[in-house]
Amino acid sequence: MGIRIVIVDDQAMIRAGLRMIVETEPGMEVVGEAADGREAIAVARRTRPDIVLMDISMPRLDGLSAARELLDAPSPPKVITLTTFDSDENLYAALQAGTSGFLLKVSPPEQLIEAIRVVHAGDALLDPAVTSRVIATFASRREPAPSPRLAELTPRELEVLRLLARGITNAEIAGELYVGEATVKTHVARVLMKLGLRDRAQAVVFAYETGVVRPGVT
């Protein structure tokens, strides 16, 4: 089965451009469009997509509020936030809400397609430039609050969490740890399960907010 996608943006030209990019890719299908957050929720409930490409700044209901509502429902789609990088605070909140990542609107088409495939496969896509700026900015505003859930992690799992916080891929983590990718996937799955997190995006936020990693420290 193909990947079912809903495109949400208040600008018709952007929606048309995204549709053109997505529908030229084999195995992907745009099943709906929406011009605001309220319409996005209705379209997603009707079409049951796998992925929602969600703009943040929209009338009636913004993309962040719409994403929260979608992700709180049973069997939610994955949400990829699209941004022009004009609101770091909204991006940080989007990660906290459980979106599977975000992408700059100026990213090349091939990066959008890769993002859809990565998120659909159960991973999360974090634009490294956005990740470092947004999370470092907001994590530095507050004192870390260690979580008792960290005690559930083995030393290797804690190391994997630190690497996840850098926004790198499983293949890159495997290279850092000198293990196979399948082993990394197992570690990542256990980290998420033990910490009660939805995906890697939430793991990045958790790692910074609990002081596992700190802004500016690799």
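## A walk around D55 and the rest of the chain

UniProt, in an unreviewed entry, places the feature "modified residue: 4-aspartylphosphate" at D55. UniProt positions follow the numbering used here, feature names are shortened, and such annotations may be inferred rather than shown by experiment. Keep in mind that this is a predicted model, in which local features need pLDDT of at least 70, side-chain atom pairs count only at pLDDT 80 or more, and totals for chains, interfaces and linings use all residues. Residues are numbered from 1 along each chain as its sequence is written, and side-chain values use heavy atoms, with hydrogens and water left out.

Let's start with the whole chain. Its secondary structure comes to ten helices and six strands; helices (H or I, at least four residues) and strands (E, at least two) are DSSP runs, numbered from the N terminus. Of the 218 residues, 50% are buried. Here buried means under 20% relative accessible area, exposed over 50%, and partly exposed in between (1.4 Å probe, protein chains only). The chain exposes about 10400 Å², and carbon and sulfur atoms supply 53% of this area. These areas come from the Shrake-Rupley method with a 1.4 Å probe; for residues, only the protein chains shown count as cover.

Now back to D55. Where does D55 sit? D55 is found in strand 3, which covers residues 51–55. Five of the five residues in strand 3 are buried. I51, L53 and D55 lie on one side, with V52 and M54 on the other. That pattern fits a general rule: in a regular strand the side chains alternate between the two faces of the sheet.

Strand 3 has partners too. Two strands pair if DSSP finds at least two bridges between them. Strand 3 pairs in the parallel sense with strand 1 (residues 3–8) over four bridges, and in the parallel sense with strand 4 (residues 78–83) over five bridges. As examples, V8 has M54 as its bridge partner in strand 3, while L53 has I80 as its bridge partner in strand 4.

The table compares three buried residues. Contact means heavy atoms within 4.5 Å, and the contacts shown leave aside neighbours up to four places away in sequence.

| Residue | Place | Relative accessibility | Contacts |
|---|---|---|---|
| D55 | strand 3 | 6% | V8, D9, D10, G63, L82, K105 |
| R15 | helix 1 (residues 12–23) | 14% | I7, D9, D10, E33, A34, A35 |
| L197 | loop between helix 9 and helix 10 | 15% | R149, L192, Q202, A203, F206 |

R15 has one more detail to look for: its side chain makes a polar contact with the side chain of E33 at 3.1 Å. A polar contact is a pair of N or O atoms within 3.5 Å; within protein, one must be able to donate a hydrogen and the other to accept it, and residues adjacent in sequence count only if both atoms are side-chain atoms.

Which residues touch the most other members of the largest nonpolar core? They are L161, I173 and L195, in a core of 24 residues. Helix 7 (155–164), helix 8 (170–177), helix 9 (181–195) and helix 10 (200–209) each supply at least two residues of this core. A nonpolar core is a set of buried Ala, Val, Leu, Ile, Met, Phe, Trp, Tyr and Cys residues joined through side-chain atoms within 4.5 Å. Leaving aside neighbours within four places in sequence, L195 is in contact with R149, L150, L153, L161 and F206.
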